[in-house]
Amino acid sequence: MTKVFVDSSSYYLDTVVYTLSLLDSEKRFKLIPPVDIPEVESKRAEALLHYQVLDTAPEDSFDDLTGLAAYICQTPIAAIGLTDSNRQWFKSKIGFVAQEEPRDITFCAYAILQNELLIVRDTLTDERFATNPFVIRDPHIRFYAGVPLINPDGLALGTLCVLDHEPRDLSNEQQKALRIVALQVMTQLELRRNLKVLKHSIAHRKQSEEILRHNAFHDRLTNLPNRVLFMERLARALKLKKRRKNYLFAVLFIDLDRFKLVNDSLGHMVGDQLLVAIARCLESCLRPKDTVARFGGDEFAILLKNLQDVNDAIGVVGRIQEQLKLPFKLNGQEVFTSISVGIALNTIDYERPEDLLRDADTAMYRAKTLGKARYEVFNSAMHDHVLTLLQLENSLQRAVERLELRIQYQPIVFLETGKITGFEALVRWQHPDRGLILPKDFISIAEETGVIIPVGYWVLREACRQLRAWQLQFPENSLTISVNLSNKQFLQADLVTQISQILQETGLDSRYLKLEITESVIMENPEAATVMLLQLKDLGCELHMDDFGTGYSSLSYLHRFPFDLLKIDRSFISRMDVNGKDLEIVRALITLARNLNINVIAEGLETAEQLAQLRALQCKYGQGYLFSQPVDQEVAEALIAKSLSRSV
Ligand code: C2E
Ligand code: MG
Ligand code: MG
């Protein structure tokens with residue numbers, strides 16, 4: 001019977017089975033396996049892993065130390081063995097070929113348990129080793145000395161050991177030297193590990209820096225270069241131009257048309273998907289050396305280098321627009337989109353990249369104004385235009401305070417009798433240098449800059465004041481005043497409060513005030529608009545829909561909003577007498593309005609024929625040059641007086 005002392009933990013079993021296979025046929029060996037403390041053992045094994053040294057190639061720095069140990073101790077065998085959980089693996093060795101041995105039959109497994117130099121002077125006389133297969137069989141080890149390799153945490157990772165085929169001893173000097181060499185081995189292991197950690201952390205830092213750098217120069221959503229990177233490349237192109245006189249490049253400023261509509265109707269997720277799809281589409285239309293960047297929102301910019309002439313840039317725009325004719329399939333829906341593009345070439349001597357970009361932006365803006373889904377190449381006329389606008393913007397800020405605004409009044413006439421029922425207040429700007437400026441030349445700037453708010457309230461106050469004065473002057477008449485409300489003004493939270501205050505101040509009864517609002521204002525935000533319209537109605541004012549037929553022109557929504565009156569846009573009225581279609585549209589609109597119990601004013605009435613047609617259609621009110629152009633206060637008063645005398 002074989003007596004085998006097996007530790008209760010079963011992990012020894014493998015080793016034991018293996019060891020049994022090494023026993024000779026008489027099975028007379030007794031094996032005493034080393035017993036270590038499981039808790040320390042797991043820490044030790046984990047620590048060893050951190051050195052990342054197991055199963056690595058031989059290294060001179062370790063081989064030199066093994067050689068030195070063998071030399072000092074004058075042994076034929078020496079090794080640096082690392083004790084893995086169930087094997088002894090040799091980082092360096094002299095005098096044998098095995099790369100690893102099962103842990104429990106190695107001498108080192110005992111050496112690491114005692115944290116000190118273990119010397120076995122004769123293995124055959126030591127109970128622990130007398131039956132060891134390495135002792136009783138080849139290579140017949142009779143002498144062993146091993147110093148544990150203790151790491152800074154006090155854990156033994158393995159040993160530096162020397163072995164011999166003869167029983168023998170080590171002198172004190174040899175023992176001392178062997179301990180020193182073992183310390184060197186440990187130092188070497190530490191160095192090696194620190195170097196690895198260092199290399200790893202450098203690589204990690206490099207990677208994080210790379211990511212940071214990438215993020216600083218790229219747009220998160222589309223991963224395209226951002227404005228910063230674009231401007232850097234543009235600056236480089238400008239520098240190159242200084243050296244190469246004929247170097248031609250272009251900046252394309254791109255804005256999606258009606259992107260807000262996609263976002264509002266299909267949601268931000270689809271909006272984002274569209275931006276990404278556009279990004280990929282733009283990339284696919286460019287050469288690798290060109291740059292396409294996203295500036296945020298729905299704005300993109302392209303830098304085209306090495307061009308022959310402007311047609312190269314136009315060609316690129318053509319390619320992009322061709323691709324955009326196909327719909328994008330996003331979230332199961334087909335989304336069509338178009339872009340407006342501004343092109344600026346470096347044919348002007350630009351000093352700063354911002355200037356080139358600004359001009360491309362100006363050209364893009366022009367493309368938008370001219371109807372979208374198109375491109376415009378920047379020219380100096382545009383520059384002058386922008387300059388004028390800028391100057392206007394500045395002086396408009398002060399126009400209100402300097403009392404440069406005027407109101408002209410255009411009569412609204414009861415068509416049946418020709419009597420004036422009221423006036424529309426139309427603002428004018430009496431510019432000190434440029435003379436009279438009409439709304440078309442400053443209302444949109446005022447909208448963009450927000451100056452429309454003070455301008456709008458000024459008009460309201462002045463119009464109400466004037467009407468009140470006329471009411472007192474002509475008490476026999478109940479004239480009304482129509483005032484235009486702009487988009488921005490309509491969306492002011494305190495609009496109702498402001499209007500009611502103005503009515504109070506001027507002493508005008510709210511029922512004489514008619515507020516003109518265009519359909520585009522309503523359609524931009526129908527829910528919010530409805531709330532506002534109802535509040536204005538509560539105030540007692542009438543609501544007139546202005547320029548009907550020019551915007552969304554959806555007849556179906558008309559009944560959803562509390563309008564009292566429809567102003568049919570001049571474009572229909574002016575063509576009515578020459579174009580049968582327009583006459584039919586006007587007829588349909590008047591019928592519709594009547595069915596909805598809404599009154600109608602025909603705008604831009606210029607000819608007697610139009611008047612006759614409108615009368616035949618039973619249109620109630622008219623406004624236009626046929627009766628009068630917008631006029632100053634005095635002329636308006638004369639018109640009222642005349643109108644009164646006519647009706648008498
Ligand atoms: P609107 O509200 O549709 O005003 C009517 C415009 O048509 C006026 O132009 C008027 O002069 C013009 N008009 C009237 N009858 C005829 C005609 O028979 N033939 C022709 N060719 N034109 C006619 P105006 O005064 O230049 O105003 C243009 C637009 O500016 C107005 O269109 C209105 O939308 C805006 N606007 C005018 N004053 C103000 C204001 O105080 N505030 C705001 N927010 N907008 C204003
Ligand atoms: Mg109007
Ligand atoms: Mg109008």
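Trainee: Is E603 buried or exposed in this model?
Mentor: Keep in mind that we're looking at a predicted model. The cut-off for buried is under 20% relative accessible area. E603 has 11% relative accessibility, so E603 counts as buried.

Trainee: Which protein donors does the magnesium ion (ligand 3) have?
Mentor: Look for side-chain oxygens lying 2.0 to 2.6 Å from the ion. E603 is listed with OE twice, and two Asp residues give an OD each. That makes the donors D546 (OD), D547 (OD), E603 (OE) and E603 (OE).

Trainee: How are those donor residues of the magnesium ion (ligand 3) spaced in sequence?
Mentor: Start from the donors D546, D547 and E603. Written as a pattern, the spacing is D-D-x55-E.

Trainee: How many residues apart in sequence are the parts that D546 and E603 tie together?
Mentor: D546 sits in strand 19, while E603 belongs to strand 21 (residues 599–603). Since the two lie in those separate strands, the pair ties together parts that are 57 residues apart in sequence.

Trainee: Which residue coordinates both the magnesium ion (ligand 3) and the magnesium ion (ligand 2)?
Mentor: The two ions are 3.9 Å apart. The residue in question has 6% relative accessibility, so it counts as buried. The one coordinating both ions is D546.

Trainee: What does E603 do with ligand 1, and at what distance?
Mentor: Besides being a donor for the magnesium ion (ligand 3), E603 has a side-chain N or O atom facing an oxygen atom of ligand 1. The distance for that pair is 3.0 Å.

Trainee: How much of the accessible area of ligand 1 does the protein cover?
Mentor: Contacts come from side chain and backbone: a polar side-chain atom of R570 lies 2.9 Å from a nitrogen atom of ligand 1, and a backbone N or O atom of Y625 lies 2.9 Å from an oxygen atom of ligand 1. On its own, ligand 1 has 790 Å² of accessible area. The protein covers 83% of that.

Trainee: Which element gives the largest share of the shell around ligand 1?
Mentor: The elements giving two or more residues are strand 19 (542–548) and strand 15 (419–431). By class, the shell holds 8 nonpolar, 5 polar and 8 charged residues. The largest share, 4 residues, comes from strand 15.

Trainee: Away from the ligands, which backbone nitrogen does the side chain of N132 contact?
Mentor: N132 is in the loop between strand 4 (118–120) and helix 5 (133–136). With 2% relative accessibility, N132 counts as buried. A polar atom of its side chain lies 2.7 Å from the backbone nitrogen of F134.

How values were computed:
Residues are numbered from 1 along each chain as its sequence is written. Chains are lettered from A and ligands numbered from 1 in the order in which they are written. This is a predicted model: local features need pLDDT of at least 70, side-chain atom pairs count only at pLDDT 80 or more; totals for chains, interfaces and linings use all residues. Side-chain values use heavy atoms; hydrogens and water are left out. A polar contact is a pair of N or O atoms within 3.5 Å; within protein, one must be able to donate a hydrogen and the other to accept it, and residues adjacent in sequence count only if both atoms are side-chain atoms. Accessible areas come from the Shrake-Rupley method with a 1.4 Å probe; for residues, only the protein chains shown count as cover. Ala, Val, Leu, Ile, Met, Phe, Trp, Tyr, Cys and Pro count as nonpolar, Asp, Glu, Lys and Arg as charged, and the others, Gly among them, as polar. Buried means under 20% relative accessible area, exposed over 50%, partly exposed in between (1.4 Å probe, protein chains only). Donors are N, O and S atoms within 2.8 Å of the metal (3.2 Å for Na, K and Ca); water is not among the atoms, so sites may look incomplete.
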